[in-house]
Amino acid sequence: MIQRKKAQNDQTDKRRIKSTKVTIDGIEFASKAEAKYYCYLKRKREEGEIIDIKIQPKFELQPKCERYGRTYLPITYIADFVVTYSDGRKVVIDVKGYSMEDATLKRKMFAFKYPYLQLIWVAQSQKYSQTGWMEYDELQKARRTVKKSKASIAKEKAVSKTLWG
């Protein structure tokens, strides 16, 4: 029994995000990527493209409720940034290394509860982006395309090797 629990804890530890906290301008960020994106946003603000940057805003996705004598805490989503652009648009931004299951669910809940706010997940990519940042979904799509083309090339090589020796 004890060994099984230990094995389950080991699996849980592997799923956790292992990131280094970074402090910039007295603000603690959960990861290096988040801190780098903050610096990117600061440059955009200096250039006049961005008016305001809010850091780690909290959104309530489901209020606290009680049912059958049990109280359920509210479900909240803490984004990394809310950016106000010079044209007045407000965009909620979350920096992702990779997506966890609960983040995907909260993203859907956010879309339902706040249809007037755009939520964008961004990821760092020097390979696929000129700015070093791109939307997470686009990055995943680009990586899948490259992976499929590599698999296709490998398959063609295997077939030609079989045919031509």
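Q: Two strands count as a pair if DSSP finds at least two bridges between them. What makes β9 and β10 a pair?
A: In this predicted model, five bridges join β9 (residues 90-95) to β10 (residues 118-124). The cut-off is at least two, so the two strands pair. They run parallel.

Q: Which residues stand opposite each other here, in β10?
A: Val92 faces Leu119 of β10. Asp94 stands opposite Trp121, also in β10.

Q: How do you know that β10 and β11 pair?
A: Three bridges link them. At least two are needed, so β10 and β11 pass the test. Their sense is antiparallel. One bridge partnership is that of Ala123 with Met134, which lies in β11.

Q: Why is the pairing in this sheet called mixed?
A: The open sheet has five strands, in the order β3-β8-β9-β10-β11, and its pairing is mixed. β9 and β10 run parallel, whereas β10 and β11 are antiparallel.

Q: Why are β3 and β11 called edge strands?
A: Each pairs on one side only. The residues are 50-55 for β3 and 133-135 for β11. From one strand to the next, the twist averages 30°.

Q: What makes β10 largely enclosed?
A: Five of its seven residues are buried, so the rest of the structure largely encloses β10. Buried means under 20% relative accessible area.

Q: Which helix lies across β3, β8, β9, β10 and β11?
A: Helix α2 (residues 32-46) does, running at about 155° to β3. Helix α3 (residues 101-113) also packs on the sheet, where it touches β9 and β10. The direction of α3 makes about 150° with that of β10.

Q: What makes a set of residues a nonpolar core?
A: The members are buried residues of the nonpolar kinds, joined through side-chain atoms within 4.5 Å. The largest such core here has 18 residues. Tyr37, Leu41, Phe81, Val83, Ile93 and Val122 touch the most other members.

Q: Which elements give two or more residues to this core?
A: They are α2, β3, β8, β9 and β10. Helix α2 gives the most, with five residues.

Q: How many residues are in the other core, which lies apart?
A: It has 14 residues, among them Phe59, Ala79, Val92 and Leu119. Val92 and Leu119 are the two that stand opposite each other. Both belong to a nonpolar core, so both are buried.

How values were computed: Residues numbered from 1 in each chain as written. Predicted model: local features only at pLDDT ≥ 70, side-chain atom pairs only at ≥ 80, totals over all residues. Heavy atoms only, no water. Helix = DSSP H or I, 4+ residues; strand = E, 2+ residues; numbered from the N terminus. Axes fitted to C-alpha atoms, helices over the stretch in contact; angles between N-to-C directions. Contact = heavy atoms within 4.5 Å. Buried < 20%, exposed > 50% of the residue type's maximum accessible area, 1.4 Å probe, protein only.
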